[in-house]
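Here's a quick look at how a protein meets DNA. Have the model open while you read.

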2 protein chains.
Amino acid sequence: MYEKKIPKNFSCGMAVLMEIIGGKWKSYLIYLINNGVRRPADLQRAIPSASRRVLDLQLRELEFHAIIKRVIYPEMPPKVEYFLTPFGESMLPVVASMEAWGGEYMETFRQLMESKKKSMHTEGESVEIKQEPVIRGRRTLAKAV
Amino acid sequence: MYEKKIPKNFSCGMAVLMEIIGGKWKSYLIYLINNGVRRPADLQRAIPSASRRVLDLQLRELEFHAIIKRVIYPEMPPKVEYFLTPFGESMLPVVASMEAWGGEYMETFRQLMESKKKSMHTEGESVEIKQEPVIRGRRTLAKAV
DNA sequence: TCGGATACGGATAATTTTTTCCGTATCCCC
DNA sequence: GGGGATACGGAAAAAATTATCCGTATCCGA
């Protein structure tokens with residue numbers, strides 16, 4: 001069982017949210033559970049490329065953070081279901097806006113990734129060279145920053 | 001130079017956004033640049049615990065995704081500034097809502113992390129045991145899911 | 001000369017996340 | 001017996017991210 005060595009600093013809300021939702025499959029899990037896919041095997045079938053072990057781990061993390069709750073039914077074979085908590089539901093508008101923004105950027109993003117594959121690194125595109133003369137006074141100003 | 005082996009699937013907007021903003025320091029960088037901290041050394045001073053190398057790498061990624069642009073001034077010693085692009089600015093409302101949600105959860109989060117340190121794993125808290133009888137018909141229903 | 005300032009990248013090492021593989025359990029059907 | 005279904009965790013390996021260390025360059029001041 002891995003134990004982290006470097007303490008994390010959660011001094012801003014963004015870092016907190018990224019800690020909670022940052023795993024590879026967590027947003028998929030939240031979406032699926034919110035849409036009625038509740039049993040572990042069904043979640044696995046819905047995300048066939050995900051490692052079952054990691055799904056389990058990330059479900060446990062979401063549970064730990066009280067985003068979801070786990071309901072165990074006393075029967076055999078085992079039956080378990082996951083539900084969003086009210087607190088987890090409070091996250092849905094944020095998730096929706098993240099999803100919407102990403103969706104708008106999707107096409108551009110794909111083109112970028114394609115061009116990246118073709119030419120590896122063409123990063124000068126957004127570089128702007130200022131045509132200003134070299135004045136010593138500017139150094140002083142920079143120092144004041 | 002590391003080369004990734006497993007292709008990623010960006011079939012939802014959420015995955016796209018996480019790819020763009022998912023690095024350890026990226027949200028800090030976006031915040032700082034948006035608030036006028038533009039030069040690499042100033043960014044480094046604003047985040048002293050960050051590795052300078054990783055700051056550079058993540059600035060380059062943000063640039064690649066057209067979230068920020070880099071302006072190089074032709075002078076010596078080198079002078080460079082980063083700015084949010086209009087596209088990058090379109091992300092700010094999303095970032096703000098992420099920040100706000102995380103900020104509300106901050107106190108609870110810290111208490112959870114504290115309790116985790118003390119008892120390592122106390123994960124049964126949100127587990128609910130259903131008190132339903134074992135009926136074979138239920139198996140059939142489960143199969144229909 | 002050295003140390004400070006500015007900016008940055010390759011190589012390698014350390015840490016972390018994800019994946020694979022092994023194992024646990026019961027029930028049902030061929 | 002085997003295979004299928006259900007759910008899950010420890011251990012180790014692989015992949016990915018982050019950090020450290022080395023190096024590149026110019027200018028200025030002690």
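How far is a polar side-chain atom of Arg60(B) from a phosphate oxygen of DNA strand C? The two lie 2.8 Å apart, in a predicted model where local features need pLDDT of at least 70, side-chain atom pairs count only at pLDDT 80 or more, and totals for chains, interfaces and linings use all residues. Residues are numbered from 1 along each chain as its sequence is written, chains are lettered from A and ligands numbered from 1 in the order in which they are written, and side-chain values use heavy atoms, with hydrogens and water left out.

Here are some polar contacts (pairs of N or O atoms within 3.5 Å):

| Protein side chain | DNA atom | Distance |
|---|---|---|
| Arg52(B) | base oxygen, strand C | 2.5 Å |
| Arg53(B) | base nitrogen, strand C | 3.0 Å |
| Arg52(A) | base oxygen, strand D | 2.6 Å |
| Arg70(A) | phosphate oxygen, strand D | 3.3 Å |

Now for the surroundings of strand C, where "near" means a heavy atom within 4 Å. DNA strand C has 28 residues around it, with Tyr2(A), Val54(A), Ala41(B), Arg52(B) and Pro78(B) the closest. Sugar and phosphate make up 65% of its atoms within 4 Å of the protein.

Over at DNA strand D, 28 residues gather too, and Ala41(A), Arg52(A), Arg60(A), Pro78(A) and Lys5(B) come nearest. There, 68% of the strand's atoms within 4 Å of the protein belong to sugar or phosphate, the rest to bases. Pro78(A) also puts a polar backbone atom 3.5 Å from a sugar or linking oxygen of DNA strand D.

How values were computed
Polar contact = N/O pair within 3.5 Å; in protein donor to acceptor, adjacent residues only side chain to side chain.
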